[in-house]
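Please look through the model below. The paragraphs after it start with one helix and end at the surface.

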Amino acid sequence: MVERIEDLNLPNAVIARLIKEALPDGSNVSKEARAAIAKAASVFAIFITSSSTALAHKQNHRTITAKDILQTLNELDFESFVPSLTQDLEVYRKMVKDKKESKANNKKDASTGDATASSSSAVVAVDSEEAA
């Protein structure tokens with residue numbers, strides 16, 4: 001599963017960016033404080049994942065869903081996180097849906113463009129034959 005416990009830590013760059021975005025400009029955080037925040041965030045993520053896994057197994061599910069995470073947060077008295085996470089989840093789902101639709105439209109346009117190009121070249125070929 002995991003070779004070293006450090007493998008479970010969140011990336012330092014991600015933690016540093018989150019800290020920077022959360023604090024006002026000009027604020028500094030020591031290296032030790034960043035390490036402590038990173039460790040706490042990793043432990044929290046593992047704890048929520050473990051609790052959500054247990055919940056999913058109780059419901060005879062093999063896969064943890066967003067619903068399981070939100071329910072776990074409520075059960076563990078982190079219900080104050082749920083509204084903002086629900087909103088972020090909706091934004092994420094809309095973004096994924098829009099990206100999928102855009103990709104499908106681009107694919108459709110490309111295939112329609114190929115057909116149009118083929119028919120245009122066929123018309124040019126017919127016109128050149130008639131001119132000859």
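Against which helices do the buried residues of α2 pack? They pack against α1 (12-22) and α3 (66-75). This is a predicted model, in which local features need pLDDT of at least 70, side-chain atom pairs count only at pLDDT 80 or more, and totals for chains, interfaces and linings use all residues. Residues are numbered from 1 along each chain as its sequence is written, and side-chain values use heavy atoms, with hydrogens and water left out.

Helices here are DSSP runs of H or I with at least four residues, numbered from the N terminus. Helix α2 has 28 residues and reaches 41 Å from its first C-alpha to its last, close to the 40 Å expected at 1.5 Å a residue; the expected span is 1.5 Å times one less than the number of residues. Just after α2, N60 takes a positive phi of about 60 degrees.

The buried residues of α2 (buried means under 20% relative accessible area, exposed over 50%, partly exposed in between, with a 1.4 Å probe and protein chains only) include A38, S42 and I48. S42 has a relative accessible area of 2%, and therefore is buried. The side chain of S42 reaches the backbone nitrogen of L10 at 2.8 Å and the backbone oxygen of A38 at 2.9 Å. Leaving aside neighbours within four places in sequence, S42 is in contact (heavy atoms within 4.5 Å) with L8, N9 and L10.

Elsewhere, Y92 is found in helix α4 (residues 82-131). Y92 counts as partly exposed because its relative accessibility is 48%.

Conventions. Helix = DSSP H or I, 4+ residues; strand = E, 2+ residues; numbered from the N terminus. Polar contact = N/O pair within 3.5 Å; in protein donor to acceptor, adjacent residues only side chain to side chain.
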